[in-house]
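Visitor: I'm new to this one and would like a close look at a single part. Could you pick the place where helices pack against each other, and walk me through it slowly?

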Amino acid sequence: MLRGRSLSVTSLGGLPRWEAGLPVENLLLFEVSWEVTNKVGGIYTVIQTKAKTTADEWGDNYFLIGPYFEHNMKTQVEQCEPVNDAVRRAMDTMNKHGCQVRFGRWLIEGSPYVVLFDIGYSAWNLDKWKGDLWEACSVGIPYHDQEANDMLIFGSLTAWFLKEVTDHADGRHVIVQFHEWQAGIGLILSRARKLPIATVFTTHATLLGRYLCAANIDFYNHLDKFNIDKEAGERQIYHRYCMERASVHCAHVFTTVSEITAIEAEHMLKRKPDVVTPNGLNVKKFSAVHEFQNLHAMYKARIQEFVRGHFYGHLDFDLEKTLFLFIAGRYEFSNKGADIFLESLSRLNFLLRMHKSDVTVVVFFIMPAKTNNFNVETLKGQAVRKQLWDTAHSVKEKFGKKLYDALLRGEIPDMNNILDRDDMTIMKRAIFSTQRQSLPPVTTHNMIDDSTDPILSTIRRIGLFNSRTDRVKLILHPEFLSSTSPLLPMDYEEFVRGCHLGVFPSYYEPWGYTPAECTVMGIPSVTTNLSGFGCFMQEHVADPTAYGIYIVDRRFCSPDDSCNQLTQFLYGFCKQSRRQRIIQRNRTERLSDLLDWRYLGRYYQHARHLTLSRAFPEKFHMEPTSPPTTEGFKYPRPPSVPPSPSGSQGSSPQSSDAEDDDEDERYDEEEEAERDRLNIKSPFSLSHVSRGKKKQHGEYKN
């Protein structure tokens, strides 16, 4: 807690508020990122979703700094004049000296102010600013690295802007949070010029960590053995790595998004993070308690329609006993766990066939890749389905009219005559049109280089070609989902809500927004103990599996053991009854409170408190406390209904009516939900990221 002329925090409905001493009216908060109004990756989601909570807290004293791109400005930003005098005067000064600085409100929830720098307009200063960076930290940038040159311009403009703001701040203290190495140069130059600002640097993933894992290196097993300078130099990113490392060591407070990334950062960047700041989402609750279950049923029906067309001629499985699984994200075959997922699907197929299960699993791979266009056979399938639908409706209308006329006459119609010869001919032709000689395609698009594509090559190796005997069917959709698609006209959120399980067995995943989004929508998911999300859930939930969070051990197990564990998770999920899946979805959706920015914003608040006490120790004193943690606090293990029927059922995926009746007696959803609501409001303890915790190595590369 802060004393004297200081800040303190209390919790109002789970949302921290400043009080007493120095209020937010005497502070200015800036967040700097290359992804402000500019979607590149996951950081855009972090900043966009966090903006409302932060704007509600800080009001007109909160600003985002990013790059100016005309197309983004036209579609995402409403231009306006700054009301803050320091910001307005800083912009005027820079514009008078040959820069182009834009200001407005970002049209997202919270409508935060944004300050955008036109990088190209200031490129004439590049050589001068390269010299400034060299004098500040002896880091040179090659002329051919266009991205690094753009970051230098962006960082130099940021440092210039912050100097002008502090010159006219009128006693207000300035806090600046920089996201990732792309924004780091602004931090380096600000500290080199001794600007009176409190700085926070947040890394969402280390630069070198991404490169090493992409090269299929045994990363977590050799964290303390890498020659960092050599590895960065071999990949021709040494100057970028130096910029990232300098940013980390210049910041008053260094944060990262998860415990697993904190361990990585300590070895890669040689500084232990001061605070772990988990990523959240804007969670919107429905007024009707089970509305998300209704949405699941509605969007599942739309996925079933696609499946009917894709598997026409081979639709010999019951869609009511079909489970839809999916994996989505960047096409990083090993990093995202597509390799271990495909291998486990092969083993799952064997188990389902061996136990003669009548459950079918359809698995979607939503991973964008280079394609020529839609697969003709896939488009034909949807056309055949639509033709059959139109034929059925035409016959139904004729049948209904004849039935209506007969009933009006007081007659019971002769069912042998109600359909005439033409109707029978039409129906026979429709049946013949569904016959196909080939198997349903495993991909919806024509891949540019399908012979070397990792997913297709693995499918050929394991032999999952959507044959009639396979209980696991595969569909690779190498394109982002869109509601305007002629093939699968659904947005990503709609598609996720319609699926039964998201599977993300990643090897390198600093946080993991995909399983987090599943959780918020009430869809169970598979993650790993090498993802930030998986570690976070292990810390918060006593029995994650009961709440629909399956965590695969990819850190301390061999690849084969991890694959077997994933297979057992999937097989156990297939054995659940419909009622068990509904109960599990209810539990999963209740975890969404844990991922709400109104809950996770306290970690960012702590980082800002800490940086104020370090930047201005003569004015702000902070007792040696720590960020919010959940030691001693977990969602308890549910006392009723096992998360998987493996402990109470045989190998059959179906449960009897008697079992369902027994579940009714054991499961009291309202009581369980109320207990979870009380747990989320439990008070938090304070302790630093543990300093004396011994690192565990010897993990297997999966």
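Guide: Here is a walk through the packed helices, with a little of the surroundings before and after. Keep in mind that this is a predicted model.

Let's get our bearings. The chain has 702 residues, and 58% of them count as buried. Its secondary structure comes to 23 helices and 23 strands. If you take the contacts between residues at least 6 apart in sequence, 76% join residues at least 24 apart.

Now for the close look. Two packed helices are described by the angle between their axes and the distance between the axes. Find helix α12, residues 338-354, and then helix α19, residues 559-574. Their axes come within 8 Å and cross at roughly 50°. That angle makes α12 oblique to α19, because it falls outside the ranges for roughly parallel, perpendicular or antiparallel. As for the handedness, α12 passes α19 in a right-handed crossing.

Which residues do the meeting? From α12 come I340, F341, E343, S344, L345, R347, L348, L351 and L352. Across from them, α19 brings P559, D560, S562, C563, N564, L566, T567, Q568, L570, Y571 and C574.

For a second pairing, go back along the chain to helix α4, residues 126-137, and helix α5, residues 146-167. Here the axes are 10 Å apart and the angle is about 75°. That falls between 65 and 115 degrees, so α4 and α5 are roughly perpendicular to each other. On the α4 side you'll find L126, W129, K130 and L133. They meet N149, L152, I153, S156, L157 and W160 in α5.

While you're looking at helices, stop at two single residues. K300 sits in helix α11, residues 291-310. K300 is buried, yet it has no salt bridge. The nearest side chain of opposite charge belongs to E320, and it is 4.8 Å away; a salt bridge would need the charged atoms within 4 Å. Setting aside neighbours within four places in sequence, K300 is in contact with F324, G498, H500 and R578.

The other residue is R429, in helix α14, residues 421-433. R429 counts as exposed, because its relative accessibility is 63% and the cut-off is over 50%. Look for T391 as well: it lies 38 residues from R429 along the chain, and the two C-alpha atoms are separated by 9.9 Å.

Technical notes: Residues numbered from 1 in each chain as written. Predicted model: local features only at pLDDT ≥ 70, side-chain atom pairs only at ≥ 80, totals over all residues. Heavy atoms only, no water. Helix = DSSP H or I, 4+ residues; strand = E, 2+ residues; numbered from the N terminus. Buried < 20%, exposed > 50% of the residue type's maximum accessible area, 1.4 Å probe, protein only. Lys, Arg positive; Asp, Glu negative; His and termini not counted. Contact = heavy atoms within 4.5 Å. Axes fitted to C-alpha atoms, helices over the stretch in contact; angles between N-to-C directions. Parallel < 35°, antiparallel > 145°, perpendicular 65-115°, else oblique. Left-handed = near helix turned anticlockwise from the far one by under 90°.
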